[in-house]
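Visitor: I have a model open and would like to walk through its sheets, a helix and a few side chains. Could you guide me?

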Amino acid sequence: MRVAIVQLVSTVDSATNRDAVAAQLARIEPGSADLVVLPEAAMHDFGSADHDLAAIAEDLDGPFVRLLAEHARRLGATLVAGMFERTDALPFNTLVVVGPDGTIATTYRKIHLYDSFGYQESARLSAGPTTPAVVDVAGTRVGLMTCYDLRFPELGRALVDAGAEAFVVPAAWVAGAHKLDHWRTLLVARAIENTVHVVAAGQGGDRYTGHSLVADPWGSIVVEADLAPTIVTATLDPAAVVRAREINPSLANRRIRQTS
């Protein structure tokens, strides 16, 4: 599976962000990628703590998703991107997955809201249901998680139990002391312990950590960005997952399993 990660620096102007997304996606050649991943909050940045995300949230047939659908059809690829989804209450922090035909394949509403490091995401957004989200892309089962979800290894276990062979992790990983170390370490840990590829798309710039990357099922970083807007690409080999799980059968050797 050929993947392209689009690292962005979103603003609090949705129209400006759509232009930036369109400009980056236009750099990708049709037929060159099976999966294109954009960060959390690609539609609209979180802004300051008092920025009203309910006021800017969009429906799943709004302008942001229509833009993704247009480019998914042009590229012949599946697109994953983060948005704030309108509800009758607080919005969801949603990953929308648009298939190559331009229709929504699935959505994932962030389970674990970022009430940590002095921030309270739950004051502005609603948490999604705890059902893991997995989608088929080019013959690979892809599990979805968003940013802070990365700190909860039980979600990774639920995703592999649902058949995931790769994780996609859009994020707006806030910068700060230790944060880049946490980002890299946790992405690699999720890859190793679940013997999956990990495809992580981060917001860049001064506020966030950037460093979008791909890790293989052994935990080796295949490609990594810095802080600037960019596109990074990689090819994920399903045989690498099979081989890793043969040599390191830690999933099969589990004696303690989650119960519902």
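Visitor: What is the strand order of the open sheet with S6 in it?

Guide: Happy to start there. This is a predicted model, in which local features need pLDDT of at least 70, side-chain atom pairs count only at pLDDT 80 or more, and totals for chains, interfaces and linings use all residues. Residues are numbered from 1 along each chain as its sequence is written, and side-chain values use heavy atoms, with hydrogens and water left out. Strands (E, at least two residues) and helices (H or I, at least four) are DSSP runs numbered from the N terminus, and the 6 strands of this open sheet, with mixed pairing, have the order S6-S7-S8-S9-S10-S11.

Visitor: Which strands stand at its edges, and why is one side of each left without a neighbour?

Guide: Two strands pair if DSSP finds at least two bridges between them. The twist averages 20° from one strand to the next. Each edge strand has a single partner, so one side lacks a neighbour in the sheet; the two are S6 (134–137) and S11 (221–224).

Visitor: In S8, which residue is the bridge partner of valine 142?

Guide: Strand S7 (residues 140–144) and strand S8 (residues 166–171) pair in the parallel sense over 3 bridges. Across them, the partner of valine 142 in S8 is alanine 166.

Visitor: Which are the edge strands of the open sheet with the order S5-S4-S3-S2-S1-S12?

Guide: That open sheet has 6 strands and mixed pairing. Pairing on one side only marks its edge strands, S5 and S12 (230–235).

Visitor: And which residue in S4 is the bridge partner of glutamate 85?

Guide: S3 and S4 pair in the antiparallel sense, over 7 bridges. For glutamate 85, the partner in S4 is phenylalanine 92.

Visitor: At what angle to S3 does H3 run?

Guide: H3 lies across S2, S3, S4 and S5. Axes are lines fitted to C-alpha atoms, for helices over the stretch in contact (heavy atoms within 4.5 Å). Angles run from 0 to 180 degrees between N-to-C directions, and H3 to S3 comes to about 180°.

Visitor: What span should helix H3 have, and how far apart are its end C-alpha atoms?

Guide: The expected span is 1.5 Å times one less than the number of residues. For the 13 residues of H3 (63–75) that gives 18 Å, which agrees with the distance between the end C-alpha atoms, 18 Å.

Visitor: Which residues of H3 are buried?

Guide: Buried means under 20% relative accessible area, exposed over 50%, and partly exposed in between (1.4 Å probe, protein chains only). The buried residues of H3 pack against helix H1 (14–25) and strands S2 (35–37), S3 (78–85), S4 (92–98) and S5 (104–109). They are Phe64, Val65, Leu67, Leu68, Ala69, His71, Ala72 and Leu75.

Visitor: Is arginine 254 buried or exposed, and which side chain does its own side chain meet in a polar contact?

Guide: Arginine 254 sits in the segment after helix H6 (238–247) and counts as buried because its relative accessibility is 16%. A polar contact is a pair of N or O atoms within 3.5 Å; within protein, one must be able to donate a hydrogen and the other to accept it, and residues adjacent in sequence count only if both atoms are side-chain atoms. The side chain of arginine 254 reaches the backbone oxygen of leucine 251 at 3.2 Å. The side-chain partner, at 2.7 Å, is aspartate 161.
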